[in-house]
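Work through these exercises with the sequence and the model side by side. Try each task before reading its solution.

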Amino acid sequence: MYVPPTFQVEDSEKLAAFIQRHSFATLITSDRSRADGASPFASHLPMLLESERGPQGTLVAHMARANPQWRQFAAGGEALAIFHGPHAYVSPSWYATQPAVPTWNYAAVHVYGVPTLFEDHDRVADLLSRTNATYESAFKLPWPGQLPDEYRDGLIRAIVAFELPISRIEGKFKLSQNRSPEDRQGVYAALSRSAYASDRDTAALMAEEGLVEPMIDARRATGSAVTFAPAEASDFEELSGLRIAAMRESLLRLGRFDPERSRDRLRKSFLPAQTQWILVDGQRAGFYTLRSADDGLHLDHLYVHPGCQSRGVGAFVMRHLLSQADAVRLPVSVGALRGSRANEFYRRHAFVQVGEAEWDVYYCRPAPAR
C-alpha cells in the first residue's frame, strides 16, 4: 500500500484496536495454478485477532469448504487481509485555503502473512464459539450458540478454519493531516453534519486522532440531542449488554473478553438509584453511575455504545458530571481498565492517576479551588 509518512500509522495498539473494530476483512490470495499465470482471488470474512500469538499477532478465521480459496494456501504464498475503516468524500468547498481540489479521507490497515489450515475439531469449535460471542455481545439477548452436536459437527465439516500469523502490517489514516488546522476543522464540521454514517464516522476518527477541535455542543457533534433518564432495577440486562458492547474491544485486546464475568461484575456494583441512562435522540445509548463516597464522588460506570463513541457524546456526559461535582466542590474518582482508551479519555478531562492494580488504573479529578 502506498503510505506517505504524513498518513502512516505504526502504533501497534492502535492498529490492533482498528482491526478489532473493523474486523470484517477482504482476504486476497494468488491462484498460482492457472495456466495463464497467477490470478488474484478475494473473499470477505470476519477475522479475529489474537494479539498475544506471535510477534505481531495472529489472525484466525474460517470460510466455506466450497470456497476454492483455501486450496491456494498449500502453495505457501503470502496473503493480504485488508481491514476497511470509515471513508468520506472531501469537497474543496469546505477548506479555508483556496484554490483546492476534491479528495477522499479514509482509514485502512493491510495485514500480510502466510495462511495455514487447522482441522482439530475442538479448536475449530472453539473458534466458532469465540466468533459467535464476539459479534453477539452487543445484543440485549445474545444468541447462546447452543446447537445439537450432530448439527454442529455437520456445519464444522462444511467449513475450513485457518490462521494467518502476521508477518507485516501497514496502517494508513488519511484524515486531512496535510491540510491547515482551519481546513481540517472545515472538513470535520461538514462531515459531522452529514446524513451518511460513514461521513460522520470519518469525522469522529479525525477527532479521535486529535486532528481537530471536537465540537462543544453535543447536538452539533453528533447531530443528536443528548439527555438523561433514571434507570430501574428491571433494566439490568439491557445495561449489562450495553456495558459488554462498550468494553468488548478493550477486553479482546487484553485477552479478557468474558461476557458472563462482565455481567457478574456489573451485578455486584449495580445501584439503580444512582444510575442514569444516556439518551441520544431519545434512544438508550449509554449509562453512568455516580455515587457519593467517603472522599467525594465516585464514577462507578460510564459507558457509551460503540455506535455513538467518538462523536462527542462521552465528552458531553463527562462535562455534565463534572459540573455537578464542581457545584458541590467535590473531587471525582474513577477506575479504568488498563490499556483501554478510557485512560486517555479521563486524562483529557483533568483526571490524574492516583493508583493502579493488575488490571485497573485509578484516577481522581480534584475538587475546584475555592
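Strand β5 (residues 58-64) is mostly covered, with five of its seven residues buried (under 20% relative accessible area; over 50% is exposed, in between is partly exposed; 1.4 Å probe, protein chains only). Helices (H or I, at least four residues) and strands (E, at least two) are DSSP runs, numbered from the N terminus. The model is predicted: local features need pLDDT of at least 70, side-chain atom pairs count only at pLDDT 80 or more, and totals for chains, interfaces and linings use all residues. Residues are numbered from 1 along each chain as its sequence is written, and side-chain values use heavy atoms, with hydrogens and water left out.

**Exercise 1. Place β5 in its sheet and trace the pairing.**

Step 1. Write down the strand order. The open sheet of four strands runs β4-β5-β9-β8, with antiparallel pairing. Two strands pair if DSSP finds at least two bridges between them.

Step 2. Mark the edges. These are β4 (48-50) and β8 (116-118), each of which pairs on one side only. From one strand to the next, the twist averages 35°.

Step 3. Count bridges. β4 and β5 share three, in the antiparallel sense. β5 and β9 are antiparallel too, over seven bridges. β8 and β9 (residues 159-165) pair antiparallel over three.

Step 4. Follow Val60. Leu48 stands opposite Val60 in β5. In β9, Glu163 is the bridge partner of Val60.

Step 5. Finish at β8. Phe118 has Ala161 of β9 as its bridge partner.

**Exercise 2. Describe how α7 packs against α1.**

Step 1. Recall the two quantities. Two packed helices are described by the angle between their axes and the distance between the axes.

Step 2. Read them off. α1 (residues 12-21) and α7 (residues 236-254) pack at about 125°, with axes 10 Å apart. Axes are lines fitted to C-alpha atoms, for helices over the stretch in contact, and angles run from 0 to 180 degrees between N-to-C directions.

Step 3. Classify the angle. α1 and α7 are therefore oblique (under 35 degrees is roughly parallel, over 145 roughly antiparallel, 65 to 115 roughly perpendicular, the rest oblique).

Step 4. List the contacts (heavy atoms within 4.5 Å). Glu13, Ala16, Ala17, Gln20 and Arg21 in α1 meet Glu249, Leu252 and Arg253 in α7. By class, three of these residues are nonpolar, one is polar and four are charged. Ala, Val, Leu, Ile, Met, Phe, Trp, Tyr, Cys and Pro count as nonpolar, Asp, Glu, Lys and Arg as charged, and the others, Gly among them, as polar.

**Exercise 3. Repeat the analysis for α7 and α8.**

Step 1. Take the geometry. α7 and α8 (residues 259-269) pack at about 125°, with their axes 10 Å apart. That makes α7 oblique to α8.

Step 2. Take the contacts. The α7 side includes Phe236, Leu239 and Ile244, and the α8 side includes Pro259 and Leu266. The contact has five nonpolar, two polar and five charged residues.

**Exercise 4. Are Asn132 and Arg311 buried or exposed?**

Step 1. Locate Asn132. Helix α2 (residues 121-136) holds Asn132. Asn132 is buried, at 18% relative accessible area. Leaving aside neighbours within four places in sequence, Asn132 is in contact with Trp143, Pro144 and Gly145.

Step 2. Locate Arg311. Arg311 sits in the loop between β14 (296-304) and α9 (313-327). Arg311 is buried, at 16%. The C-alpha atoms of Arg311 and Ala203 are 8.1 Å apart, although 108 residues separate them along the chain.
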